[in-house]
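Let's take a walk through the aromatic rings of this structure and see who sits beside whom. Have the model open and follow along.

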Amino acid sequence: MSDPNSQTILGPDGRKDAIELHSVTIRFAGDSGDGMQLTGTQFTDEAAFVGNDLATLPDYPSEIRAPAGTVAGVSAFQLHFSSQDIKTPGDDVDVLVAMNAAALKVNLRDLHDGGIVLVDNDGFGEKDLEKAGYAANPLEDGSLKKYRLIRADITELTVRAVEPAGVTAKNAGRCKNFFTLGMMYWLYGRSPDNTVEWIRKKFGKKPDIAQANEAAVIAGYNYAETAELFETTYVVPKAPLTKGTYKRISGNEATALGFVAASVRAKKPLFQGSYPITPATDILNELAALKHFGVRTFQAEDEIAGACSAIGAAFAGNLAITTTSGPGLCLKSEAMNLAVMAELPLVVVNVQRGGPSTGMPTKTEQSDLLQALFGRNGDSPMPVIAAKTPSDCFWAAMEACKVAVEYMTPVVLLTDGYIANGAEPFRIPEIEDLPTIEVVHADDPSTFKPYLRNAKGARPWAVPGTPGLEHRIGGLEKSSPSGAVSHDPENHQKMTLERQEKVASIQTHVGPTRIDGCHEGDLLVISWGGTYGAVSTAVDRLLAEGKKVGHVHLRWINPLPNDLEQVMDRFKQVLVPELNVGQLKLYLTGKFGRKMHGLGKVMGKPFKINELVKHMNVLLETKA
Amino acid sequence: MIESSASPVLTKKDFVSDQQVKWCPGCGDYSILAALQTVLPKLGIPKEKFAIISGIGCSSRFPYYMDTYGFHTIHGRATAIATGTKLANPDLQVWVITGDGDGLSIGGNHMLHVLRRNVDLKIILFNNEIYGLTKGQFSPTSPMGLKTKTSPMGNVDRPLTPVSVALAAGAGFVARSVDNDVKHLTSVMEAAAKFKGSAFIEVLQNCVIFNDGAHNDFYGSLSRKDKVLYLENGKPLTYGANSEKGLVHKGFAIDCVDIDDANRGQVLTHDTSEETGTLAWTLSQFDYPERPVPVGIFRSVERPAFHELVDGQIADARKARGNGDLDRLLKAGVTWTVD
Ligand SMILES: Cc1ncc(C[n+]2csc(CCOP(=O)(O)OP(=O)(O)O)c2C)c(N)n1
Ligand code: SF4
Ligand SMILES: [Mg+2]
């Protein structure tokens, strides 16, 4: 397919010749009622069992009740699976499954020339075409000539196949996603057995539905074989993944898990104060289901109360977090500043989405960076960490908690809609491999002063209930170290600098810059957050071509590693690609007064590897 | 929940902080501070188990003057912050100090929600019918027509009645008192402290600088007799120097009448746990000069507190699933092994 280096081998079980591929990207697209997310995750689990590396990305319609069959109601699930280490859900699509005309219309643009498009003829009736806005039937007017079009009467075949199960006509039709899944299993030489087992477990209480779905997946598999719709089958061998036990994890799941792990490691109950908002809500959903860990989730009346309740819980000694997305971060800023001033530990998660204002709730962007860094009144330093992949959200959440409690500071954890909803294999760590989190509570009245700092610059965490440490904190400037309210000019300057220095000293934790690829050369690419997969893959390609390119992916954006400037100096040019119009670039330029190139994209979608490679090559050729 | 340990007997002095009190001389806030400093030592709760959380305003400076754990937070949000504190450590007795602007304007939303959730907070709302700290703008409780710096031609906003708001939001304990009636104020605070669940106390407070005399009609001990209706559970709803006036039913409403032999038997009795809440509501709508101003406890009905429900679910979850095991959680779901 997209692989120019394919090799034909003999397929298993005396089947026809199969072509071996390194990696394949499939997109399942249909109406939001067609079960495309389920189909996609089933195929993903099977790919995982086989041992492929993988990355997935769901694409939900932004309107919950968009009329069926319209472009607004199209739901898609993209899966990239490979015999190699992969870091993105794929640029272009090799196979597009379109269950109706609208799904084809929305997704065709991402199918590369020569790609396979599998359609359900029954989703291309006159009404379907009209709802999708097609004047003529694209299956018949030659407009799909560039692709390998495979047509099947999927709905009709499904209804016939599930007849023995005796389900209603409506339910029979709904099994068409499993029929399609069966076809795809055959195409990639995968067995439907695990899915059959899953169906039996999942629908155990509804035997007729279970029977129907099972019949559909088997029928789809057999149909693909006997109807000889596809010229050949394909094999994607297992990937050389690091030894270990894995599971598929989305960024939001990983974030939630990371907080629970942090709570266990810190031996502090977890408190979450949050208000639902796309795409951050799943973190609240996940944690609400983990009450047996002593997790308290508080669904507040708004984001302000979410952040405030978390601050109140931190005051009382809990590991406190608040989770949100862009517009919610705006509402939290005054409370975040209270945490800066009161120097209480708090982790604020911002799952970034397209902005400004309500923007594009279901689409990804990285445009809240400057807000996280600077969006508060006063000189208000706040550590900012960004997760780079879905599974990295786990580690980033733990790290944010560690820094928050060890330095007594609020910390912003930035993720984005892309890694929050995207999924990849997560190598499950052993408990003893998790970072330790040191929590010390003050308890000695003879030495206690509310703002007496330790070696890290942190003030003591003295929780209500501790005899003899009664004291007052608040948003007014406090004198150091007594904690009394103070409007003294020298004291304010001293405290402002102490807060700055404390956050700057987190550099000790951050460590030196990590460079991938060349350590000096023609081009240094500096990225942050969820663009990691695309940027590092693009850099790898250039390195393979012998180009002198280095890659720095920033995990902590405040503070930055202290040798970053020297690293930049070793390259002729610096490129900062990001899903905004130049926020990290502005920050770095401001810090280092150095020229650099920016590459921005604000289309609600992640970078494609190809567009990054192209842009980097242009820079390398111009040699500015 | 709160145990009284064998700690030394506390006195008012134990609750006085080392900070100089900086309210204007004559401000009503002083007596409210003194009242709470009198009440807390009497509760048998160790000093370290009190947390006093305030928003922003003159009144919200309060925590600095109390030698307890205290948190002077941001404008309007004390209730939300206190919710987190109470949930995180139900063993604390958490008091919220707020103003008419802090609690009902910028913090109105949070106020509704803590009360409906029945978060176990003791909330004192200092009602001076003005924004004191910002030097005298009309507030959500200022009467219509009040001339302030931002309403030079008179306030055109219709005021809220804090007690009515609290009742409507479903608060379990709702009371009103007056800053210069210390005996009454301490008794109401004590009742609030002993109540389990949200306890809301409105204190009519005088701001000598920006709204002096706002409550003058019934401020002095003499005028009080005639113009104030003291609510006492189980006692007849009467007022006047010689209790010569009383409340009786009139259709769906309540009327104020001069008591005579004919109507004496119809005088209503105060009931803080009256089932429908109608009595408390109707009384909360009384306003001077048409009617006497009720002070005292309007309503006191306990139901499960928010933290009990939250912790109850945690206990249930642990009973059903055992204490959370991180290793099991990490390995839960569909997994596969690469070797
Ligand atoms: C976000 C925010 N907006 C506005 C203010 C300014 N402000 C401080 S106190 C206050 C009003 C206080 O009135 P009230 O709550 O009645 O308290 P009082 O001073 O009367 O006791 C205002 C508007 C602020 N501190 N923060
Ligand atoms: S301005 Fe009014 S409320 Fe504020 S301290 Fe002075 S008298 Fe009290
Ligand atoms: Mg006021």
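What follows is a short tour of ring pairs, a ring cluster and a couple of charges over rings.

Keep in mind that this is a predicted model. Searching the whole structure turns up 22 aromatic pairs over all chains. Start with A:Tyr246 and B:Trp336: their ring centres are 6.1 Å apart and their planes meet at 15 degrees, so this pair counts as stacked, the limit for that being under 30 degrees. It's a pair that crosses between chains, running from strand S10 of chain A (residues 244–250), home of A:Tyr246, to strand S12 of chain B (residues 335–338), where B:Trp336 sits. Both A:Tyr246 and B:Trp336 are buried.

Now swing over to A:Phe374 and A:Tyr587. Here the ring centres lie 6.0 Å apart with the planes at 55 degrees, so the pair is tilted. This one ties together distant parts of the chain: A:Phe374 belongs to helix H13 (residues 369–374) and A:Tyr587 to helix H20 (residues 583–592), both in chain A, with the two positions 213 residues apart. Buried or exposed, what is A:Phe374? A:Phe374 is exposed, at 52% relative accessible area, while A:Tyr587 is buried, at 6%.

Rings also gather in a group. One aromatic cluster is made up of A:Phe28, A:Phe43, A:Phe81, A:Tyr185, A:Tyr188 and A:Tyr234.

Last stop, lysines over rings. A:Lys268 sits over the face of A:Trp461, 5.7 Å from the ring centre, and A:Lys456 lies over the face of A:Tyr407, at 5.3 Å from the ring centre.

Conventions:
Residues numbered from 1 in each chain as written. Chains lettered and ligands numbered in written order. Predicted model: local features only at pLDDT ≥ 70, side-chain atom pairs only at ≥ 80, totals over all residues. Heavy atoms only, no water. Phe/Tyr/Trp six-rings, centres within 6.5 Å; stacked < 30°, edge-to-face > 60°. Helix = DSSP H or I, 4+ residues; strand = E, 2+ residues; numbered from the N terminus. Buried < 20%, exposed > 50% of the residue type's maximum accessible area, 1.4 Å probe, protein only. Lys NZ or Arg CZ within 6 Å of the ring centre and 35° of its normal.
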